[in-house]
Amino acid sequence: MNILKYITAFAVTALLSSHIMAETLIDFSTAEAFAIDSNTVQINNIRVTVEVPAPFGGRGQIVTVYYDVPFEFDPVTLHLVPNAAGINTANNPDTDCANLQVIVNNAVDGTVITNATVSIGDQSNVTNAEGLASFTGLPSGSREISVASNDFTGISRAVELTCGDNSTTAFNLNPTVGIQAMTANDVRIVLNWGEEPVDLDAHLTGPEPGAVASGGNEADRFHIFWWNTATSDGVAVLDVDDTTSYGPETVTVTPPSGSSHLRPGLYRYTVYQYEGMSTLLNNTSVDLYVGNEPVRQFHPQGASGAASLVDGAQGNLWTAFEFEVDSTGVISVFPVNILSFDNNIDSGGVTRRSAGSNQEPVDILYAD
């Protein structure tokens, strides 16, 4: 059992007391713990054994239930606080119920990666000639998937699994060697999604030479997307545009000629649902690479504005994050996470942080 399971044991006992009877045994020996986002840790397969008394005396019945519990970090108390609304009753981890195919691609050119190792819990498989690794008998719920391959950055992400489901998800890996590898001051943004929606589009806006450093909706901001795949000076390029499910859709940003760091100003990253019947809330994720820093991940679940959309609609435009570069090359990352409807996806039309926002960055990075 790792330390994370120890420090949450008392919190779980208190939380589950409202869900289960007294005389219980809470067992973490089969539990799995992993990060969902920057503020939430998920612990799955917490085994709870309950003795239910017989109605007319005699020996009672022993019932075992498995729980999945999310914990949110409280920055005031510096504690992990269990989220009662997020508790799910899990399937027994020994029960065969969910199936999954994982496709692994090169994030820069979209080609499949063979012999990549894909791990889910205690199961591991390698990708075949089509870049696919197949799994059966997986427990349902939110599960962490890890993918590793020589000459690529390994990555992990949580995927929601359903019993009886035969779904496919994609992991698009960042190359670390050769001409596709990043240098110390580059930024790369990789968009991943599932079979539906069929086509998601990445949109990156940022400062052209001479742009106002405050990063407002200036006319001189560049806008990279499928119709305009590179800036005039080549500092931002759409490496690959996927139109048939799964991604990748990848943008790489490099320093201007003669500079050691990115052009100062505000950069904004947005995802638009171009085609497809499903919602971009399903299996969509964005990986942000900054030089040699560890990858940052963004997900649209819980996006601001989603609850206000009418008729059950989920929105077609997700503004994921912004990053701001100062004159010395320091990069500050700001999560935006706003979901809305918008068909006017120009450099001045995508949602951003409110004017005059005093939001603090979640990361301050310097690639050197």
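Visitor: What pLDDT does the protein average, and what share of the residues score at least 70?

Guide: This is a predicted model, and pLDDT is the predictor's confidence in each residue. Here the protein averages a pLDDT of 77, and 72% of the residues score at least 70.

Visitor: Which elements have the lowest and the highest mean pLDDT?

Guide: Helix H1, residues 3–16, has the lowest mean among the elements, at 46. Strand E18, residues 249–253, has the highest, at 95. Over residues 1–10 the pLDDT stays under 50, and the model has 15 contacts beyond four places in sequence for that stretch. Residues 307–312 also stay under 50, with four such contacts.

Visitor: How many helices and strands does the secondary structure come to?

Guide: One helix and 24 strands. To read how such a chain is put together, look at the sequence separation of its contacts. Of the contacts between residues at least 6 apart in sequence, 60% join residues at least 24 apart.

Visitor: What percentage of the residues is buried?

Guide: A residue counts as buried when its relative accessible area is under 20%. In this protein, 49% of the 368 residues are buried.

Visitor: Which residues have the most contacts inside the largest nonpolar core?

Guide: A nonpolar core is a set of buried nonpolar residues joined through their side chains. The largest one here has 33 residues, and those with the most contacts inside it are Val187, Ile189, Tyr269, Val286, Phe321 and Phe323. Strand E22, residues 317–325, gives the largest share of this core, five residues. A second, separate core of 24 residues includes Ala116, Ile145, Val159 and Leu173.

Visitor: What does Ile189 touch, leaving out residues up to four places away in sequence?

Guide: Its partners include Tyr269, Val286, Phe321 and Phe323. Ile189 also touches Leu204, Val251 and Leu288, and the polar or charged residues Glu249, Thr250 and Asp287.

Visitor: Where is Phe28, and is it buried or exposed?

Guide: Phe28 is in the loop between strand E1 (24–27) and strand E2 (32–37). A loop position does not settle the matter, so check the accessible area: Phe28 has a relative value of 4% and is buried. Phe28 and Ile46 are 18 residues apart in sequence, while their C-alpha atoms are 5.4 Å apart in space.

Visitor: Turning to the outside, how much area does the protein expose?

Guide: About 16900 Å², of which carbon and sulfur atoms supply 51%. One place to look is a nonpolar surface patch of about 410 Å², made by Trp226, Trp227 and Tyr274. Trp227 is in the loop between strand E16 (221–224) and strand E17 (236–240). Its relative accessibility is 67%, so Trp227 counts as exposed.

Visitor: Which residues other than glycine have a positive phi?

Guide: Begin with the general idea: most residues other than glycine have a negative phi. Two cases to look at here are Asp151, with phi near 75°, and Asn337, with phi near 50°.

Visitor: Where do Asp151 and Asn337 lie?

Guide: Asp151 is in the loop between strand E11 (141–148) and strand E12 (155–161), whereas Asn337 lies in strand E23, residues 331–340. Asp151 is partly exposed, with a relative accessible area of 44%. Asn337 has a relative accessibility of 18%, which means that it counts as buried.

Methods. Residues numbered from 1 in each chain as written. Predicted model: local features only at pLDDT ≥ 70, side-chain atom pairs only at ≥ 80, totals over all residues. Heavy atoms only, no water. Helix = DSSP H or I, 4+ residues; strand = E, 2+ residues; numbered from the N terminus. Buried < 20%, exposed > 50% of the residue type's maximum accessible area, 1.4 Å probe, protein only. Contact = heavy atoms within 4.5 Å. Areas by Shrake-Rupley, 256 points an atom, 1.4 Å probe, with all protein chains shown as cover. Patch = residues over 30% accessible without salt bridge, like charges linked within 9 Å, V, L, I, M, F, W, Y side chains within 5 Å. Salt bridge = Lys/Arg side-chain N within 4 Å of Asp/Glu carboxyl O. pLDDT = per-residue confidence, 0-100. Core = buried A, V, L, I, M, F, W, Y, C linked by side-chain atoms within 4.5 Å.
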